[in-house]
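Hello,

Here is the structure I promised to pass on to you. Have a look at it first, and then read on for what turned up.

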Amino acid sequence: MEIEEIKTTIKSLSVQERRKIALYILELEKEHVSNTVGPQIAKDVEDVSKIVQEAFEKLKKFVNKG
């Protein structure tokens, strides 16, 4: 089925049916983002957390020397 056929079919549906399709598409997009972007964000947050922790440890050592 081509995209134009899908568009035509969706256009002929009732408002309620179109809303169900819209919710389905949003769920697909949410799943895609969760599977592709989510892991990278989690890794980035973990990396930043480690850097901040290391900086605090260095600051703590510096303050304790003084």
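How many helices and strands does the secondary structure of the chain come to? Two helices and zero strands. Please keep in mind that this is a predicted model. Helix H1 covers residues 3-11, and helix H2 takes in residues 15-65.

Let me begin with the overall form. The radius of gyration of the chain is 24 Å, whereas a compact globule of 66 residues would have one near 11 Å. If you lay the C-alpha trace along its principal axes, it spans about 75 × 25 × 10 Å. You can get a feel for this with one pair of residues: Ile21 and Lys50 are 29 residues apart along the chain, and their C-alpha atoms are separated by 42 Å.

What share of the 66 residues counts as buried? The figure is 0%. The accessible surface of the chain adds up to about 6400 Å², and carbon and sulfur atoms account for 62% of that.

Next, the start of the chain. Met1 sits in the segment before helix H1. Leaving aside residues up to four places away in sequence, Met1 touches Ile6 and Thr9. Is Met1 buried or exposed? Met1 is exposed, because its relative accessible area is 74% and the cut-off for exposed is over 50%.

Ile21 is another residue to click on. Ile21 belongs to helix H2, and its contacts beyond four places in sequence are Ile10 and Leu13. Ile10 falls within the 3-11 range of helix H1. The relative accessible area of Ile21 is 26%, so Ile21 counts as partly exposed; buried would require a value under 20%.

Now to the charges. The chain carries 12 positive and 12 negative side chains, and the centres of these two sets are 9 Å apart. How many salt bridges does the count come to? The count is four, and here are some of them:

- Lys30 pairs with Glu27, with 3.9 Å between the closest N and O atoms. These residues are three apart in helix H2, so about one helical turn separates Lys30 and Glu27. Lys30 is exposed at 55% relative accessible area, while Glu27, at 46%, is partly exposed.
- Asp47 and Lys43 meet through their side chains at 2.8 Å, N to O. Asp47 and Lys43 are four residues apart in helix H2, which means a separation of about one helical turn. Both ends are partly exposed: Asp47 has a relative accessible area of 29%, and Lys43 has 45%.
- Glu46 bridges to Lys50, and their closest N and O atoms are 3.5 Å apart. Glu46 and Lys50 also lie in helix H2, four residues apart, about one turn of the helix. Glu46 is partly exposed at 45% relative accessibility, and Lys50 is partly exposed at 44%.

Why does Lys30 count as exposed while Glu27 is partly exposed? The cut-off for exposed is over 50%: Lys30 passes it with 55%, but Glu27 has 46% and so is partly exposed.

To pull the main points together: the chain has two helices and zero strands, its radius of gyration is 24 Å, 0% of its residues count as buried, and the salt-bridge count is four.

Happy viewing, and best wishes!

Technical notes:
Residues are numbered from 1 along each chain as its sequence is written. This is a predicted model: local features need pLDDT of at least 70, side-chain atom pairs count only at pLDDT 80 or more; totals for chains, interfaces and linings use all residues. Side-chain values use heavy atoms; hydrogens and water are left out. The radius of gyration is taken over C-alpha atoms; the globule rule is 2.2 Å times the number of residues to the power 0.38. Buried means under 20% relative accessible area, exposed over 50%, partly exposed in between (1.4 Å probe, protein chains only). Accessible areas come from the Shrake-Rupley method with a 1.4 Å probe; for residues, only the protein chains shown count as cover. Lys and Arg count as positive and Asp and Glu as negative; His and the chain ends are not counted. The place of a charge is taken as NZ of Lys, CZ of Arg, CG of Asp or CD of Glu. Contact means heavy atoms within 4.5 Å.
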